[in-house]
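Colleague: Before I rely on the terms used for this protein, I should like to hear the reasoning behind each of them. Could we go through the structure together?

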Amino acid sequence: MRGVALRSHILRPRRHGACLATSLAALALVATVGAAPAKSPPKPRIVTVNDFYFGPDAVTIGAGRAMRWAWSASNNYPHDVHLKRGPSGLKNRGSYSTRTTAVTEAHFQHTFPTPGTYKYICTVHPTQMKLTVTVRR
Ligand SMILES: [Cu+2]
């Protein structure tokens with residue numbers, strides 16, 4: 001399963017340079033650690049990544065809450081989570097997308113401090129797999 005995902009990723013053109021991707025990942029990590037409050041934060045909103053849909057395909061969350069994507073254990077095909085369109089001026093935009101595909105047993109989590117509309121796709125199945133995340137003020 002993992003072999004399929006890796007091959008698929010290698011064959012696809014990269015959108016970002018490796019250095020940019022690495023530094024964005026580092027920034028995201030610092031932001032996550034730095035923002036950890038003493039009290040346990042609200043649970044992330046779960047979206048499942050399935051063959052060939054996001055479930056659900058639209059969610060609304062409050063600003064500052066996290067989203068967590070969970071790849072279904074029954075998948076047979078690789079999928080990613082890619083932010084196609086987000087609020088203008090969004091900081092660390094690259095950190096809102098996965099950089100590899102996975103078939104099963106993967107998770108992707110990100111907090112959403114910036115209100116607005118986020119349009120997601122799976123780049124392997126861009127016409128089938130779409131998700132809208134609305135972040136309220
Ligand atoms: Cu997909």
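Modeller: Read from the N terminus, the pattern of elements is α-α-β-β-β-β-β-β-β-β, that is, two helices and eight strands. Please keep in mind that this is a predicted model.

Colleague: What is the mean pLDDT of the protein, and over which residues does pLDDT stay under 50?

Modeller: The mean pLDDT is 82, and 72% of the residues reach 70 or more. Over residues 1–33 the value stays under 50, and the model has 27 contacts beyond four places in sequence for that stretch. Local features are described where pLDDT is at least 70.

Colleague: How do you know which strands stand at the edges of the sheet E3-E8-E7-E5?

Modeller: These four strands form an open sheet with mixed pairing. Strand E3 (58–62) and E5 each have a single partner strand, so one side of each is left without a neighbour in the sheet. The twist averages 30 degrees from one strand to the next.

Colleague: What makes the pairing in this sheet mixed?

Modeller: E3 and E8 pair in the parallel sense over five bridges, with Ile-61 opposite Val-135 in E8. By contrast, E7 and strand E8 (residues 130–136) run antiparallel and are joined by six bridges. In that pair, Lys-119 stands opposite Thr-132, and Ile-121 has Lys-130 as its bridge partner. Strand E5 (residues 82–85) and strand E7 (residues 116–121) also run antiparallel, with three bridges between them; here Leu-83 stands opposite Tyr-120. Two strands count as paired if there are at least two bridges between them, so the three bridges between E5 and E7 are sufficient.

Colleague: Which strands make up the other open sheet, E2-E1-E4-E6, and which of them are its edges?

Modeller: That sheet has four strands in the order you give, with mixed pairing. Its edge strands are strand E2 (53–55) and strand E6 (107–111), each of which pairs on one side only. From one strand to the next the twist averages 20 degrees. Strand E4 (residues 66–71) and E6 pair in the antiparallel sense over five bridges, and Trp-69 has Phe-108 in E6 as its bridge partner.

Colleague: Why is Trp-69 called buried?

Modeller: The cut-off for a buried residue is 20 or more other C-beta atoms within 10 Å. Trp-69 has 23, and is therefore buried. This residue lies in strand E4. Leaving aside neighbours within four places in sequence, Trp-69 is in contact with Val-47, Val-49, Val-81, His-107 and Phe-108. Its C-alpha atom is separated by 8.9 Å from that of Phe-54, 15 residues apart along the chain.

Colleague: Thr-98 is found in a loop. Why is Thr-98 called buried?

Modeller: The test is again 20 or more other C-beta atoms within 10 Å; Thr-98 has 22 and is therefore buried. The loop in question runs between E5 and E6. Beyond four places in sequence, Thr-98 touches Asp-80, Val-81 and Phe-108. Thr-98 and Phe-108 are 10 residues apart in sequence and 7.1 Å apart in space, C-alpha to C-alpha.

Colleague: Which residues have the most contacts inside the largest nonpolar core, and which elements give two or more residues to it?

Modeller: This core has 19 residues, and those with the most contacts inside it are Tyr-120 and Val-133. Strand E1 (45–50), E4, E7 and E8 each give two or more residues to the core. Not counting residues up to four places away in sequence, Val-133 touches Val-59, Ile-61, Met-67, Phe-112, Tyr-118 and Tyr-120. In soluble globular proteins, nonpolar side chains tend to be buried together.

Colleague: Which residues of E8 form its covered face, and which its uncovered one?

Modeller: Leu-131, Val-133 and Val-135 form the covered face, whereas Lys-130, Thr-132, Thr-134 and Arg-136 form the uncovered one. In a regular strand the side chains alternate between the two faces of the sheet.

Colleague: What share of the residues is buried, and what share of the contacts joins residues 24 or more positions apart?

Modeller: Buried residues make up 23% of the 137 residues in the protein. Among contacts with a separation of 6 or more, 66% are between residues 24 or more positions apart.

Note on methods: Residues are numbered from 1 along each chain as its sequence is written. This is a predicted model: local features need pLDDT of at least 70, side-chain atom pairs count only at pLDDT 80 or more; totals for chains, interfaces and linings use all residues. Axes are lines fitted to C-alpha atoms, for helices over the stretch in contact, and angles run from 0 to 180 degrees between N-to-C directions. A nonpolar core is a set of buried Ala, Val, Leu, Ile, Met, Phe, Trp, Tyr and Cys residues joined through C-beta atoms within 7 Å. A residue is buried if 20 or more other C-beta atoms lie within 10 Å of its own, exposed if 12 or fewer, and partly exposed in between; C-beta atoms are placed from the backbone. Two residues are in contact if their C-beta atoms, placed from the backbone, lie within 7 Å. pLDDT is the predictor's confidence in each residue, from 0 to 100.
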